[in-house]
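Hello,

Here is the structure I promised to pass on. Please open it first, then read my notes below.

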Amino acid sequence: LFVIGPLILGSTMLATHAAGTTSTFSTKSSSASSVSSSNCGSWNFASGQNIGSGNNQLVAVTTISANNVWAVGYYYDYNSTPRTLIEQWSGTSWNIVPSPNYGPGANYLMGVTQVPGTHQIWAVGYHDDSNYNFSYPLIEQWNGTRWNIISGPSITGILNGVVAVSG
């Protein structure tokens, strides 16, 4: 079970909890720690990578396997502009995976999912115009090698989540 936790010391944390196991999944915690659970093992936190000049925020996670977990969100670049952030758990560590941004305005990823029975991964969110007057849907797809922006509806609005179902 992967859970996205609150900001801790200006960074984002991911945690995992598994019955009878002690696994370490997290990004950017100042120190590793564990929180006991009453009957199913423990919660564990570990340091991870950070990017940009400000807080990193991961807001959604999808699990393909124990060695392939994706988390999405955003970080603030050196101009204090929010940019897309994608990290992947390899089974031993979190790694930042380059992700595209649409234009110079703010870009946020708010949801991620895997299409059941495939290796297709989709992330959604939104981007703002350069004047921050309007927000537009942002859709990205992992092609097995890199993330690409996919054309979406030509409307104003925000995509806060995505779910894929089989069939």
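**Aromatic pairs and two sheets**

Trp70 is buried, as is Trp142. Keep in mind that this is a predicted model.

Now look at how these two rings sit. A pair of aromatic rings is described by the distance of the centres and the angle of the planes. Trp70 and Trp142 form an aromatic pair with 4.9 Å centre to centre. Their planes stand 50° apart, and the pair is tilted. Tilted fits the cut-offs, because planes under 30 degrees apart count as stacked and those over 60 as edge-to-face. The pair also links distant parts of the chain. Trp70 is in strand S6, Trp142 is in strand S11, and 72 residues separate them.

Next, find Tyr74 and Tyr108. They make an edge-to-face pair. The centres are 4.8 Å apart, with 80° between the planes. Tyr74 belongs to strand S6 and Tyr108 to strand S9, so this pair ties together parts that are 34 residues apart in sequence. Both are buried: Tyr74 and Tyr108.

Which residues join Tyr74 and Tyr108 in one aromatic cluster? They are Tyr76 and Tyr126. Across the structure there are 7 aromatic pairs.

Now the strands themselves. One open sheet has 4 strands, in the order S5-S6-S7-S8. The pairing is antiparallel. Its edge strands are S5 (56-65) and S8 (94-96), and each pairs on one side only. From one strand to the next, the twist averages 25°.

Inside this sheet, follow S6 (residues 68-76) and S7 (residues 82-89). They run antiparallel, and 8 bridges join them. For a place to start, take Tyr75: it stands opposite Arg83 in S7.

There is another open sheet of 4 strands, ordered S9-S10-S11-S12. Here too the pairing is antiparallel. Why is one side of S9 and of S12 left without a neighbour in the sheet? Strand S9 (107-114) and strand S12 (147-150) stand at the edges and have a single partner strand each, so one side of each has no neighbour there. The twist in this sheet averages 30° from one strand to the next.

S11 (residues 135-142) pairs with S12 in the antiparallel sense, over 4 bridges. Ile139 stands opposite Ile150 in S12.

Try tracing both ring pairs on screen. Start with Trp70 in S6 and go across to Trp142 in S11. Then go from Tyr74 in S6 to Tyr108 in S9.

Best wishes

Note on methods:
Residues numbered from 1 in each chain as written. Predicted model: local features only at pLDDT ≥ 70, side-chain atom pairs only at ≥ 80, totals over all residues. Heavy atoms only, no water. Pairing = 2+ DSSP bridges. Helix = DSSP H or I, 4+ residues; strand = E, 2+ residues; numbered from the N terminus. Axes fitted to C-alpha atoms, helices over the stretch in contact; angles between N-to-C directions. Phe/Tyr/Trp six-rings, centres within 6.5 Å; stacked < 30°, edge-to-face > 60°. Buried < 20%, exposed > 50% of the residue type's maximum accessible area, 1.4 Å probe, protein only.
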